[in-house]
Amino acid sequence: MEAATAPQRRATRPRADALRNRERIVAAAREMFVEYGPDVPLDEVARRAGVGNATVYRHFADRAELVRQVVLSVTDCVTVHAERGIAAADADESAAFDALRTFVHAAADERIGALCPMLSAGFDPDHPDLLEGRERLERAIEGLMERARAAGQLRTDIDVGDLMIALSQLGRPLPGTACPNMDRFVHRHLQLFLDGLMTPARSELPGEAATLEDLRRR
């Protein structure tokens, strides 16, 4: 096989550069959506990413497309953490709840709670680009919880929706600067919540467990 010529090697560089630029834009948008909400000006996203405004619009036709990509990026990262938790629980059944605990803290670090403000009235959660990622995430979280429950470590009167609601509420940053330094309490409060999920249950929960179907109702 002949080695690529210099012109051929140069021809591949723009595609690699374009990919890096896209990743930088998504990373910058994710940071700024967390800090200021999803309505942050796109020129500020471009400035944070270190690219020009035209580069942002070359990759993303509009704000909705960029928001969708940020949601997909966060979803994929959180799914990886859940799948790692499943692998850890399968390797050691006695560590199933510890794997769930590790996942919850990792998901908070990925800012999964920041997704909620992005899911505005104009956002389509059933967009084809998102469905596969969402279903993979749901399967992974369900699988991790099933393993903790089968090990007798997770109380039986909760469902995936309970976990996701609490994670979203406790891990959701407050956009803007009115309440600075609140993030330092997130993991402390998540730990309190997780302790309440362990068996034996200390109390009877009111109402019914929140399922994924409950979360999908709009």
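**R136 and E83.** I started with the salt bridge between R136 and E83, whose closest N and O atoms sit 2.8 Å apart in this predicted model. My cut-off for a salt bridge is a side-chain nitrogen of Lys or Arg within 4 Å of a carboxyl oxygen of Asp or Glu. The pair links distant parts of the chain, with R136 in helix 7 and E83 in helix 4, 53 residues apart. For helices I took DSSP runs (H or I, at least four residues), numbered from the N terminus. I then looked up exposure: R136 is partly exposed at 30% relative accessible area, and E83 is partly exposed at 32%. The scale I used calls a residue buried under 20% relative accessible area, exposed over 50% and partly exposed in between (1.4 Å probe, protein chains only).

**Ground rules.** Residues are numbered from 1 along each chain as its sequence is written, and side-chain values use heavy atoms, with hydrogens and water left out. As the model is predicted, local features need pLDDT of at least 70 and side-chain atom pairs count only at pLDDT 80 or more, while totals for chains, interfaces and linings use all residues.

**Other salt bridges.** The structure holds 11 of them. One that I checked joins the side chains of E35 and R48 at 3.1 Å, N to O. E35 belongs to helix 1 and R48 to helix 2, so this pair ties together parts 13 residues apart in sequence. E35 comes out partly exposed at 31% relative accessibility, and R48 is partly exposed too, at 36%. Next I looked at R155 and D157, where the closest N and O atoms are 2.7 Å apart. Here R155 is buried at 6%, whereas D157 is partly exposed at 30%. I also noted that salt bridges with shared partners join E31, E35 and R48 into one network.

**The core.** I pulled up the largest nonpolar core and got 55 residues. Such a core is a set of buried Ala, Val, Leu, Ile, Met, Phe, Trp, Tyr and Cys residues joined through side-chain atoms within 4.5 Å. V45, L66, L100, F103, I141 and L163 have the most contacts inside this core. Helices 1, 2, 4, 5, 7, 8 and 9 each supply at least two of its residues, and helix 4 gives the most, with 10. I followed V45 further: leaving aside residues up to four places away in sequence, V45 touches I25, A28, A29, M32, V40 and L66. A contact here means heavy atoms within 4.5 Å.

**Helix 5.** This helix (96-109) has 14 residues and reaches 20 Å from its first C-alpha to its last, close to the 20 Å expected at 1.5 Å a residue. The expected span is 1.5 Å times one less than the number of residues. Helix 5 is mostly covered, with 11 of its 14 residues buried; among them are F97, L100, R101, F103 and H105. Its buried residues pack against helix 4, helix 7, helix 8 and helix 9.

**Backbone oddities.** Most residues other than glycine have a negative phi, and most peptide bonds are trans. I found that R111, not a glycine, has a positive phi of about 65 degrees. R111 sits in the loop between helix 5 and helix 6 (115-118) and is partly exposed at 26% relative accessible area. I also turned up a cis peptide bond from T199 to P200, with omega near -5 degrees. P200 is in the loop between helix 9 and helix 10 (212-216).
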